[in-house]
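Please open the model in your viewer and set it to a cartoon view, with side chains ready to be switched on as each stop is reached.

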Amino acid sequence: MDENADTRLDEALSRPQRRLLRRIFNARTTPIVVEGSALLTYRDASRYLLSLPVDARDIAYAAIKGQALAEAR
């Protein structure tokens, strides 16, 4: 693999992350708010996460997941 391929892999969401985001945002009617950004669709969430550096992305993903779990209870 060349260096550009490694960079693209770092920028992409993992398959389990994509699957969970799709489940969380499927037919959502109330947004999940992360760091002031209201996320209502899978596309909104994936664009937001991909705009962040890798470390911040993991933190934001955990926040989305935590908020979705809290709503489910």
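The tour goes from the whole chain to a pair of charged side chains, then to a pair of packed helices and a few residues within them.

Begin with the whole chain in cartoon, keeping in mind that this is a predicted model. The protein chain has four helices and two strands, and if you follow it along the sequence, the elements come in the pattern α-α-β-β-α-α. Colouring by accessibility is a useful second view here, since buried residues make up 29% of the 73 residues in the protein chain. Of the contacts between residues at least 6 apart in sequence, 53% join residues at least 24 apart.

Next, select Arg-28 and Glu-71 and show their side chains, which meet in a salt bridge with an N to O distance of 2.8 Å. The structure holds one salt bridge. This pair links distant parts of the chain, with Arg-28 in the loop between α2 (15–25) and β1 (32–34) and Glu-71 in helix α4, 43 residues apart. Arg-28 is counted as buried because its relative accessible area is 16%, under the 20% cut-off. Glu-71, at 39% relative accessibility, counts as partly exposed.

Now select helix α3 (residues 42–50) together with α4, and turn the view until both can be followed along their lengths. The two helices pack at an angle of about 150°, with their axes 9 Å apart. Because angles over 145 degrees count as roughly antiparallel, α3 and α4 are described as roughly antiparallel to each other. To see where they touch, show the side chains of Tyr-48, Leu-49 and Leu-50 on α3 and of Arg-57, Ala-60, Tyr-61 and Ile-64 on α4, which make the contact.

Stay with Arg-57, which is found in helix α4 (residues 54–72). Which side chain of opposite charge is nearest to Arg-57? It is Asp-58, 6.2 Å away, and Arg-57 is buried yet has no salt bridge. If you add the backbone of Leu-52 to the view, you can draw a distance of 3.2 Å from the side chain of Arg-57 to the backbone oxygen of Leu-52.

For the last stop, return to helix α3 and select Asp-44, which lies in that helix. Is Asp-44 buried or partly exposed? Asp-44 counts as partly exposed, because its relative accessibility is 32%. Finally, add Phe-25, 19 residues from Asp-44 along the chain, and draw the line between their C-alpha atoms, which are separated by 9.5 Å.

Notes: Residues numbered from 1 in each chain as written. Predicted model: local features only at pLDDT ≥ 70, side-chain atom pairs only at ≥ 80, totals over all residues. Heavy atoms only, no water. Buried < 20%, exposed > 50% of the residue type's maximum accessible area, 1.4 Å probe, protein only. Lys, Arg positive; Asp, Glu negative; His and termini not counted. Salt bridge = Lys/Arg side-chain N within 4 Å of Asp/Glu carboxyl O. Polar contact = N/O pair within 3.5 Å; in protein donor to acceptor, adjacent residues only side chain to side chain. Axes fitted to C-alpha atoms, helices over the stretch in contact; angles between N-to-C directions. Parallel < 35°, antiparallel > 145°, perpendicular 65-115°, else oblique. Contact = heavy atoms within 4.5 Å.
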